[in-house]
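Trainee: I'm new to this one. Please take me through it piece by piece.

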Amino acid sequence: MPLNKNARNPPMIINNPKVIFSNWRKAQKACRPIRETVFILEQKIDSSLEWDNVDNLSTHVLLRNNNLDIGCARFFYKENYIKLERMAILKKYRKQGFGSLLIESIVKHIRGRETLIIIISAQVAAIPFYKKQGFVLAGDSYMEAGINHHQMVLNILE
């Protein structure tokens, strides 16, 4: 299990981390508070932009550590790629390898399906993290929810 040994904070004790894939009906009780904390409270994104009908169409991924819900993401299938969105790790768990664990679990879950491409709309501040995960920049930067973003692509090879 990857852990960032260069993290500024001492590493959290990872005890039986679990990555759970489910639909929104099952995931929302755990994912909603994480997204509210990260996107609405921390990043000041308007709640009307955070909640949409795409939640009902997506596969949701919940990351638990020591029985605490600490991260989440969602993804959905498009014509020839997968769109990964709403990836969030609670602040005190960042820079400790949990984000990498979440991405690795999603890629493992997706691998072997018909599509080999994952696209993410990365906040510019998160580009170095996604580059470490193998994503590459695609296209120009753009504003989304008042935050500068850049499309990134990950090719999944079998």
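**A loop, a sheet and some charged pairs**

Trainee: Where is the place of Ala 145?
Mentor: Look between two strands, S6 (136–144) and S7 (147–155). Strands (E, at least two residues) and helices (H or I, at least four) are DSSP runs, numbered from the N terminus. Ala 145 sits in the loop between S6 and S7.

Trainee: Before we go on, what kind of model is this?
Mentor: Residues are numbered from 1 along each chain as its sequence is written, and side-chain values use heavy atoms, leaving out hydrogens and water. Local features need pLDDT of at least 70, side-chain atom pairs count only at pLDDT 80 or more, and totals for chains, interfaces and linings use all residues, the model being predicted.

Trainee: Back to the loop: which residues does Ala 145 touch, not counting those up to four places away in sequence?
Mentor: Ala 145 is partly exposed at 35% relative accessibility; that class lies between buried (under 20% relative accessible area) and exposed (over 50%), with a 1.4 Å probe and protein chains only. Ala 145 and Ile 45 are 100 residues apart in sequence, yet 6.2 Å apart in space, C-alpha to C-alpha. Contact means heavy atoms within 4.5 Å. With residues up to four places away left out, Ala 145 touches Ile 45 and Leu 49.

Trainee: Which strands stand at the edges of the sheet?
Mentor: Strands pair if DSSP finds at least two bridges between them. Seven of them form an open, mixed sheet in the order S1-S2-S3-S4-S5-S7-S6. Two have a single partner strand each, so one side of each lacks a neighbour in the sheet: S1 (18–22) and S6.

Trainee: In what sense do S6 and S7 pair?
Mentor: Strands of a sheet pair through backbone hydrogen bonds, either parallel or antiparallel. Here Tyr 142 stands opposite His 149 in S7. Over six bridges, the sense in which S6 and S7 pair is antiparallel.

Trainee: What angle does helix H1 make with S3?
Mentor: H1 (residues 24–42) packs on the sheet, touching S1, S2 (59–65), S3, S4 (82–89) and S5 (117–123). Axes are lines fitted to C-alpha atoms, for helices over the stretch in contact, and angles run from 0 to 180 degrees between N-to-C directions. For H1 and S3, that gives about 110 degrees.

Trainee: And at what angle to S4 does helix H4 run?
Mentor: H4 (residues 98–110) lies across S1, S2, S3, S4, S5 and S7. Against S4, H4 runs at about 155 degrees.

Trainee: How far apart are the closest N and O atoms of Arg 74 and Asp 55?
Mentor: Arg 74 is buried at 1% relative accessible area, and Asp 55 is buried at 2%. They form a salt bridge (a side-chain nitrogen of Lys or Arg within 4 Å of a carboxyl oxygen of Asp or Glu). The closest N and O atoms of the pair are separated by 2.8 Å.

Trainee: How many residues apart in sequence are the parts tied together by Arg 74 and Asp 52?
Mentor: Arg 74 also forms a salt bridge with Asp 52, with 2.9 Å between the closest N and O atoms. Arg 74 is in strand S3 (68–77) and Asp 52 in the loop between helices H2 (47–50) and H3 (54–57), so the separation of the parts they tie together, in residues, is 22.
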